[in-house]
Amino acid sequence: MSVIRSVVRGVGHYLPDRVVENAEFETWVETSDAWIRSRSGIERRHFAAEGQTTSDLATRAAQAALADAGMDASQIDAIVVATSTPDFTFPSVATMVQGALGMERGFAFDIQAVCAGFVYALTNANGLILSGQAERVLVIGAETFSRIMNWEDRTTSVLFGDGAGALVLEKAEGEGTSDDRGILATDLNSDGRFREILYVSGGPSATQSTGHLIMEGKEVFRHAVEKLATCTVDVVAKAGLTTDDIDCVIPHQANLRIIKRTADKLGIDESKVVITVQDHGNTSAASIPLAMSVGKQRGQVREGDLVVTEAIGGGLAWGAVVLRW
């Protein structure tokens, strides 16, 4: 009996022109290239130009994904954008992208789950397709985290960058087995008891200000490795598979040590892991689709591969998706 699947038809990304090497931070905060590399694996990141917004980045990534899919915006039924750094309190970034793409139909909305945002967006887009609400969904992760950094905090300011990634999901028929192309299983989680270890100190309701990112790095590291490994095992089990079946892991690009420690805990060889954090830093909700696009360009992600993507962010919120490319 055939079943509906959500299949990836195209991916794309966009990075701002300005590249900030680690050495640049030495001019305004007590740090060094060696210190940053040893603790995060990050070598450089991109920062948005003055006046360049999250919706600008998202639109460019969306255009790249549509081109890769061989589609135009008129064929898209819905846009889901994952972001924690929207242009405005409202309207949503998604509707701004919809307008920029010239779409006069369909619907668009944002999802906010910080660094886990793209996994949440992908899961919701899959639900829209499975429920019959849409046949083609543009799923985007886009951030301008440089706007919420405390540049005097050397422990956080060096970790984040700006960017956007996007993919096109399309309804397709499958056989109902793990050999089907498309999303095979999803796993979402959150626990608000841990909100104080990673948050932004501002917001329209609480402070009427933007605020700055605040993080307890050691606590986040501990939770990240444990929770990402667990949800990866859980999501492949939901698909009737094991971690031995995984061809490619595309993790949230927060920290090289977290990525390697999680892969080691799962017994997954590093050669199967797409790693881009050295070039982009932590781009929050943008990091997974950005890494998907780069991984495809590198030849690390190939049609037919069993791919797992996982992420954790403020909330705490975390989750994973398993799909066949």
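## Close-up views of a predicted model

**View 1. Threonine 156 sits in the loop between β6 (136-144) and β7 (162-174).** The model shown here is predicted. Threonine 156 has a relative accessibility of 1%. Buried means under 20%, so threonine 156 counts as buried. Its contacts include residues further off in the sequence. Leaving aside residues up to four places away, threonine 156 touches Met149, Leu213 and Met215.

**View 2. Strand β7 pairs with β1 (residues 3-14) and with β6.** β1 and β7 run antiparallel, joined over 11 bridges. Within this pairing, look for arginine 5, which stands opposite alanine 172 in β7. The pairing of β6 with β7 is also antiparallel and covers 9 bridges. Here valine 139 stands opposite leucine 167 in β7. In a regular strand, side chains alternate between the two faces of the sheet. Of the 13 residues of β7, 11 are buried, so the strand is largely enclosed by the rest of the structure.

**View 3. Helix α5 spans residues 117-130.** This helix has 14 residues. From first C-alpha to last, α5 reaches 20 Å, close to the 20 Å expected at 1.5 Å a residue. Is the helix largely enclosed or exposed? It is largely enclosed by the rest of the structure, because 11 of the 14 residues of α5 are buried. Among them are the aromatic-ring residues Phe118 and Tyr120. Gly117, Val119, Ala121, Leu122 and Thr123 are buried too, as are Ala125, Asn126, Leu128 and Ile129. Glycine 132 follows α5 and has a positive phi, near 90°.

**View 4. Helix α6 (217-238) packs against several strands and a helix.** Its 22 residues should span 32 Å at 1.5 Å a residue. The end C-alpha atoms of α6 are 31 Å apart, which agrees. An α-helix has 3.6 residues a turn, so residues three or four places apart point the same way. Buried residues of α6 include Val220, Phe221, His223, Ala224, Val225 and Lys227. Leu228, Ala229, Cys231, Thr232, Val235 and Val236 are also buried. What do the buried residues of α6 pack against? Their partners are the strands β8 (182-190), β9 (198-200), β10 (213-215), β12 (306-313) and β13 (317-324), along with α7. Glycine 240 follows α6, with a positive phi near 75°.

**View 5. The largest cavity holds about 70 Å³ of space.** The model has 2 cavities of 30 Å³ or more. Which residues line the largest cavity? From Leu228, the lining continues with Val249, Pro251, His252, Ile258 and Ile259. Thr262, Ala263, Leu266, Ile268, Val273 and Glu310 complete the list. β11 (248-251) and α7 (256-266) each supply at least two of these residues. α7 gives the most, with 5 residues. By class, the lining divides into 9 nonpolar, 2 polar and 1 charged.

**View 6. The second largest cavity holds about 40 Å³ of space.** Its lining is made up of Ala224, Leu228, His252, Ala254, Asn255, Ile258, Ile259 and Ile312. α6 and α7 each supply at least two of the lining residues. The lining has 6 nonpolar residues, 2 polar and no charged ones. Leu228, His252, Ile258 and Ile259 line this cavity and also appear in the lining of the largest cavity.

Notes. Residues are numbered from 1 along each chain as its sequence is written. This is a predicted model: local features need pLDDT of at least 70, side-chain atom pairs count only at pLDDT 80 or more; totals for chains, interfaces and linings use all residues. Side-chain values use heavy atoms; hydrogens and water are left out. Helices (H or I, at least four residues) and strands (E, at least two) are DSSP runs, numbered from the N terminus. The expected span of a helix is 1.5 Å times one less than its number of residues. Buried means under 20% relative accessible area, exposed over 50%, partly exposed in between (1.4 Å probe, protein chains only). On a 1 Å grid over the protein atoms alone, a cavity is a set of points where a 1.4 Å probe fits but cannot get out, and a pocket is an open set with protein on both sides within 12 Å along at least five of seven lines; lining residues have an atom within 4 Å of a point. Grid points are joined across faces, edges and corners, and a volume is the space filled by probe spheres set on the points. Ala, Val, Leu, Ile, Met, Phe, Trp, Tyr, Cys and Pro count as nonpolar, Asp, Glu, Lys and Arg as charged, and the others, Gly among them, as polar. Contact means heavy atoms within 4.5 Å. Two strands pair if DSSP finds at least two bridges between them.
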